[in-house]
Amino acid sequence: MEGNFFYQAFVYLAAAVIAVPVAKKLGLGSVLGYLIAGVIIGPYVLGFIGEEGQDVMHFAEFGVVMMLFLVGLELQPSLLWKLRAPILGLGGVQVIATTILITAIVMLLTPLVWQMALAIGLTLALSSTAIVLQTLSEKGLLKTIGGQNAFSVLLFQDIAVIPILAFLPLLATTEGTHSSGHESNTWIEGMPIILQTLIVLGVIVSIILIGRYAISYAFRLIAQTRLRELFTAAALLLVIGITLLMTQVGLSPALGTFLAGVVLAQSEYRHELETDIEPFKGLLLGLFFIAVGASIDFKLIFENPALIAAIVAGLIAVKLLILIVVGRFFGMRNDSNLLFAFGLAQGGEFAFVLFSYALQNGVLTGSEANPLIAAVAISMALTPLLMLLNEKLIQPYFGTKESVEKKADDIDEKNEVIVAGFGRYGSTIGRFLQANGTQATYLDIDPNNVDLLRKLGLKVFYGDASRHDLLHAAGAEDAKLLIVAVDESEKTLEIVQTAQKHFPHLKIMVRTKYWNDYYDMLEKNLLGVYREFSDTALRMGADVLSHLGYRKNQVQRSLRKFRKHDEEYATDLAKTRHEQKNFIKRGRQVIEELELLMLDDIDKVAKDKDMGWDTETIKEEFAPMIRMQKDEKNL
Amino acid sequence: MKILILFAHPAFHKSRVNKILTNGIDESENITFHDLYQEYPELDIDVKREQDLLNKHDVIVFHFPLFWYSTPSILKEWQDLVLEHGWAFGSKGNALKDKLFLCLVTAGGPQKAYNVGDFHNHTINQLLSPLRQTAVLCKMKPLPPFVVYGTHAIEKDEVLRHKEDLFYFLDQLINNQINGEILENFEYLNDFIAKQN
């Protein structure tokens, strides 16, 4: 069993690692890569995996659940509220119209009874959340109008699955296969319908309430342990817990985690959750796509190639037609509408669930369901290709391609400035930036700090800024400046190294604590290096002088001159210190350097430089002349 | 009347003449001595505060050493920032209306050097014409300037005499004993004071 597991894992991972880069290189996108990998290792080509592909698919569907959690995290509740019209309108009309049309076509072309036709229509009306969202986000089109509308429709479909599941058994015309035990045995089964509804509503409300008020507190406690893996465990626990709960009350787990994601979208732990769940989601989703590829029943296809081809073509054509009409009706421009329609013109993963459910309940029989399942899988596999076709051949005829519309409100984390470290130092920078109307994204590792600052209404996120994925989540790709204001020297160095490696375009400004850090950072080719003690100490020194009676403007000039000189000299010293660094202990070296500095100060700064204001030499030259003139006048 | 002295000297610590001239000048409760370089060493002039100060006074005095035939830079910055349109000038800018404006200038060269055809080829009044016009634009009434010449080679006694003249005149101003119309006939305040004596 153990060996079998490792063998399977090896096959899946190897297929992914080989096929996906090739597909990406060919411009086909990762989804197609996974699907092709699945076909290749599947029972009909290489045969590395057999019928167990179906079980893997059920397991890997959890990737879809995670994906919706992540989508939810990206979606502020206010944005979701803005989307209510497309979700209900577009989604509702699309599902109903497609169902009616497919049902009608099936009844016209086949001898099937209306119950069967309706079951097929309902099932095929749904599209594939996994493939569409993954492909759209990979192409960066999720935030376009077409992408958002596609997302809205998918969300409606996710909700629609629940009543469809409840409705399907009513369409039964035969006895059904009723494989014992596979039936979902939920807590609430057998309870009166009102109680069931109450429990479902209660679960949803409690997810919202807990997500909003309790979860942050729990995450803070976990974050305080400073064990990164514990936080990852907690994040997984959250998603799996919701999945279990939703399954128990008969709701879609994807919907539940999506809801939790939306609730947590405003939490300070949002970026950290994203970063932790992302790799799991990626792997599972990849596994899911591979499983879909592997499950395509080529034997069945080769037996009835014409039938399957007709179903696939018909399915895609019908869905395209309805999507284009609905999109047009809802006022989408050509380019958005095409993206929207081509994106959603396939059967979805829910079809696998619904068809097998229909089989169990005697709504359909194997002779209808199996070709349909094959057709749905093929239509899913064709989706990335269709979108590619649209992008390369069809869109160019309809003018400009839609680009992401930057709405400051919606993507508020895409700031030009990222500030790492929001303690005494970073917060001062932050306040100054805010006072001047510049929004920045702040990251801090101290959960208590983050909590407090968020209460004050600042956009602060919890996380370790030396992780490149967290920087990525904070929008490092689009940012211009990274301000490193953390306290620990090692952490500063780590952040700078990570940022320079992964985001070479980012200009970096750092706070340094000690002389040695300052010298080290000067060598890193940064936009600015700041000694945290330097300016305050100088200002204090300047105040000392003015309290002693020096003119304040004189002291100010002296301060500026000193600072300039000090920085120049320190830069010089940083260049030369490499040569001797190994011979003298660092502490000793700093003292010697300080001595050199002070001698240099006396030499350069102490001399009064404001010669323009000084009339001494003018007096020397002109005073005798003036006196002579006076004497002449007096004589 | 209340007098506001806007004093600008970047090297006050080295100035002999101005130290004597300003020493004790704000002992009168009707005189505010406002040392700009000391108040704003980083040139971050507080416009609101300056305007409030101006509102509270009837005579506005610019007191400065002549640098390159003009004021030290902070006094120019002060004008640029404080004399806002709609406050100091323009159809709605009446804040300074009818206030008196006086320049109190120390110049390094002797009086003779400030004449057309001589070393500087201009009189002090000619050189101060931008300030005079600024005052007019702000609806103020400019008085003739008070000038201390030859500070490069001046003796303490002479400075003290100037100080006495100045303080006497300021006292008269405070007590409303000055007739503006008579003043207009004099090119320099020094001449008016000399005539009085």
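**Loop residues, a helix pair and the chain A–chain B interface**

Asp98(B) is located in the loop that joins helix 4 (73–82) to strand 4 (100–106) of chain B. In this predicted model, the phi angle of Asp98(B) is near 70°, a positive value in a residue that is not glycine. Most residues other than glycine have a negative phi. With a relative accessibility of 47%, Asp98(B) counts as partly exposed, because the partly exposed class ends at 50%. A positive phi is also found at Asn176(B), where the angle is near 55° and the residue is again other than glycine. Asn176(B) belongs to the loop between helix 7 (156–174) and helix 8 (180–183) of chain B. The relative accessible area of Asn176(B) is 53%, and this residue is therefore classed as exposed, the cut-off being over 50%.

A further loop position in chain B is Phe12(B), which lies between strand 1 (3–7) and helix 1 (17–22). Phe12(B) has a relative accessibility of 13% and so counts as buried, the limit for that class being under 20%. Apart from residues up to four places away in sequence, Phe12(B) touches Phe7(B), Asn18(B), Lys19(B) and Thr22(B) within chain B, and Arg551(A) across the interface. The C-alpha atom of Phe12(B) is 9.9 Å from that of Asp35(B), a residue 23 positions away along the chain.

The contact between Phe12(B) and Arg551(A) leads to the interface as a whole. In total, 19 residues of chain A are in contact with 23 residues of chain B. The two chains bury about 2,000 Å² between them, and carbon and sulfur atoms account for 55% of this area. Of the area that chain B buries against chain A, 32% is supplied by Lys14(B), Gln38(B) and His152(B), more than by any other three residues.

Chain A comprises 635 residues, 50% of which are buried. Its secondary structure consists of 27 helices and 6 strands. Among contacts in chain A with a separation of 6 or more, 76% are between residues 24 or more positions apart.

One helix pair in chain A is formed by helix 9 (residues 145–167) and helix 17 (residues 349–360), whose axes come within 12 Å and cross at roughly 0°. The two helices are therefore roughly parallel to each other, since angles under 35 degrees fall in that class. On the side of helix 9, the contact involves Asp158(A), Val161(A), Ile164(A) and Leu165(A); on the side of helix 17, it involves Phe350(A), Leu354(A) and Tyr357(A). By class, these residues comprise 6 nonpolar, no polar and 1 charged.

Helix 6 (residues 84–109) of chain A contains Gln94(A). The relative accessible area of Gln94(A) is 0%, and the residue is therefore buried. A polar contact of 3.0 Å links the side chain of Gln94(A) to the side chain of Gln157(A). When neighbours within four places in sequence are set aside, the residues in contact with Gln94(A) are Ala125(A), Val153(A), Gln157(A), Lys319(A), Ile322(A), Leu323(A) and Val326(A).

Notes
Residues are numbered from 1 along each chain as its sequence is written. Chains are lettered from A and ligands numbered from 1 in the order in which they are written. This is a predicted model: local features need pLDDT of at least 70, side-chain atom pairs count only at pLDDT 80 or more; totals for chains, interfaces and linings use all residues. Side-chain values use heavy atoms; hydrogens and water are left out. Axes are lines fitted to C-alpha atoms, for helices over the stretch in contact, and angles run from 0 to 180 degrees between N-to-C directions. Helices (H or I, at least four residues) and strands (E, at least two) are DSSP runs, numbered from the N terminus. Angles under 35 degrees count as roughly parallel, over 145 as roughly antiparallel, 65 to 115 as roughly perpendicular and the rest as oblique. Contact means heavy atoms within 4.5 Å. Ala, Val, Leu, Ile, Met, Phe, Trp, Tyr, Cys and Pro count as nonpolar, Asp, Glu, Lys and Arg as charged, and the others, Gly among them, as polar. Buried means under 20% relative accessible area, exposed over 50%, partly exposed in between (1.4 Å probe, protein chains only). A polar contact is a pair of N or O atoms within 3.5 Å; within protein, one must be able to donate a hydrogen and the other to accept it, and residues adjacent in sequence count only if both atoms are side-chain atoms. Buried area is the accessible area (1.4 Å probe) that two parts lose on being put together, summed over both.
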